Amino acid sequence: MTTDPAQGLATDIADRLAHPDAAPAAYRAKDWWRQSLAHGIPGIALLHVELAAAGLRPWQRAHDWLAATARAPVTSGPDSHPYHGAPALGHALACAGDHLPGSYQRPLHALDRQLADDAHRRLAAAHRRIDQGHPPAVAEFDAIHGLTGYGARLLHRDPDSDACRAVLEYLVRLTDPLTADGRELPGWWTTSGPSGRPDPRFPDGHANTGAAHGITGVLSLLALAARRGTAVPGHLDAIRTICAWLDRWRQNTDRGPTWPYWITRTELRTNRAEPNAPLRPSWCYGTAGVGRAQQLAAIALGDHARQLAAENALADALTDPAQLAATTDISLCHGFAGLAHIAARTAHDALPETASRLRALIPALLTEVKPAAAVALVDAPDAGPGLLDGAAGVALATLAAGTTDPPSSAWDTCLLIS
């Protein structure tokens, strides 16, 4: 029996989800759950893959969950995306296959071909849109539904492939400005609200800053690719363009810098972001995701000053009572477990002068993840056992944050923080 609280919590949640038949019946009856990386079976499979790769639980559990996803055909083509269908299954299978040479090779090859085909189809549509001078939809480029998410999968599976390079070339082009009504807009300006749907609060659209649905996810992918030696023409200039945009909208407070979740047309016109109440510093939106992305960008650029500023921005956010008070749950996506995991990932790559500061903050963040509340997520109707909002994500994040070592598997590449 383990004495490590984070490991104990992760294995407790995993034991309660030892087999797909143990999942809450309300979820088992829904076919979308079988294919959802965010909320369903592929995300839970990642927990069992990670524990098996770390030698903490048997591989059979991971096999059972992966088989549950594949028991019927998965969605591919236009109705799939990085967090649903074939790409979601492909990510979970790839994380297992990394540790089991020879296993899953036939389905992985098929899923890799499908991933590349879908990426090329989306890229063709995106380039036609750019050629016509229209703004993108959020789902064209974001990390959850769009080409940034496809790029994350391709960078993990085959970073030198034509498909991976084509995604990077598109993202470089995305940073070229648009012109609308005689006004220059960033190339990622979208005419919808943050949900991707028309929103009366955003009559003229917005520029999204988040890691999940905005330009920070793009920055992370470009930076991670550059660190791996996969670069395309204009790559570093695109990184600098995004960093300059984030610098422009950084709001300096007496507790450190913060970034708005998005910029409206009015704010762009006045060059002034409206003041907000303290915002949670989460992965999906906020200083945690932005700080990690800027750290990765600074490493790719060899920019010591930016790296130091990014790491201090994250540390400041994680010690700001107002921002922490705005963090109201324990999830991976926007809660304390996610903050602990990002702090650990950032500390692992941090400069000596900030690494120890970041590591010192992790125990307090983990203290906010009450074991009883985390286990209760398994059956919670508004969260459940899944990755982004649920128990599996909390287990994975706390397991990683509870040690100085990085995760044993590549599960968090889907978040673009590694």
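Contact here means heavy atoms within 4.5 Å, while helices (H or I, at least four residues) and strands (E, at least two) are DSSP runs numbered from the N terminus. The model is predicted, so local features need pLDDT of at least 70 and side-chain atom pairs count only at pLDDT 80 or more, whereas totals for chains, interfaces and linings use all residues. Residues are numbered from 1 along each chain as its sequence is written, and side-chain values use heavy atoms, with hydrogens and water left out.

**Exercise 1. Determine how many residues of helix 14 are buried and what covers them.**

Solution. Begin with the cut-offs: buried means under 20% relative accessible area, exposed means over 50%, and partly exposed lies in between, with a 1.4 Å probe and protein chains only. By this standard 12 of the 15 residues of helix 14 are buried, so the helix is largely enclosed by the rest of the structure. The buried residues include Thr-287, Arg-292, Gln-294 and Gln-295. Their cover includes helix 11 (215-227), helix 12, strand 5 (256-258), helix 15 (304-317), helix 16 (321-325) and helix 17 (336-349).

Next, take a single residue. Ala-297 lies in helix 14 (residues 287-301) and is buried, with a relative accessible area of 0%. Leaving aside neighbours within four places in sequence, Ala-297 is in contact with Leu-219, Ala-223, Ile-239 and Cys-243.

Finally, check the length of the helix, for which the expected span is 1.5 Å times one less than the number of residues. The 15 residues of helix 14 should span 21 Å, and the end C-alpha atoms are 20 Å apart, which agrees. Just after helix 14, Gly-302 takes a positive phi of about 70 degrees.

**Exercise 2. Describe the geometry of the aromatic pairs that involve Trp-245.**

Solution. A pair of aromatic rings is described by the distance of the centres and the angle of the planes. Rings of Phe, Tyr and Trp (its six-membered ring) pair if their centres lie within 6.5 Å; planes under 30 degrees apart count as stacked, over 60 as edge-to-face and the rest as tilted. A search of the whole structure finds eight aromatic pairs.

One of them joins Trp-188 and Trp-245, with 5.5 Å from centre to centre and 90 degrees between the planes, and is edge-to-face. This pair links distant parts of the chain, as Trp-188 is in the loop between strand 2 (183-185) and strand 3 (206-208) whereas Trp-245 is in helix 12 (residues 235-249), 57 residues apart. The rings of Trp-245 and Trp-249 have centres 5.7 Å apart and planes at 55 degrees, so this pair is tilted. Trp-245 and Trp-249 both lie in helix 12, four residues apart, about one turn of the helix. As for accessibility, Trp-245 counts as buried at 8%, and Trp-249 is buried as well, at 4%.

**Exercise 3. Identify the residues with the most contacts inside the largest nonpolar core, and follow one of them outward.**

Solution. A nonpolar core is a set of buried Ala, Val, Leu, Ile, Met, Phe, Trp, Tyr and Cys residues joined through side-chain atoms within 4.5 Å. The largest has 84 residues, and those with the most contacts inside it are Ile-13, Tyr-83, Trp-283 and Leu-415. Apart from this core lies another, of 53 residues, among them Ala-119, Leu-147, Ala-163 and Leu-219.

Now follow Trp-283: not counting residues up to four places away in sequence, Trp-283 touches residues including Tyr-83, Ala-288, Cys-333 and Leu-415. Cys-333 is buried, with a relative accessible area of 9%.

**Exercise 4. Explain why Cys-333 and Cys-414 are not bonded to their closest cysteines.**

Solution. A disulfide is a pair of cysteine sulfur atoms within 2.5 Å, and a search of the whole structure finds zero disulfides. The sulfur of Cys-333 is 3.5 Å from the closest cysteine sulfur, in Cys-284, which is too far for a bond. For Cys-414 the closest cysteine sulfur is in Cys-95, at 7.5 Å, again too far for a bond. Cys-414 counts as buried at 2% relative accessibility.

**Exercise 5. Is Asn-271, which has a positive phi, buried or partly exposed?**

Solution. Most residues other than glycine have a negative phi. Phi of Asn-271 is near 60 degrees, and Asn-271 lies in the loop between helix 13 (265-270) and helix 14. At 48% relative accessibility, Asn-271 counts as partly exposed.
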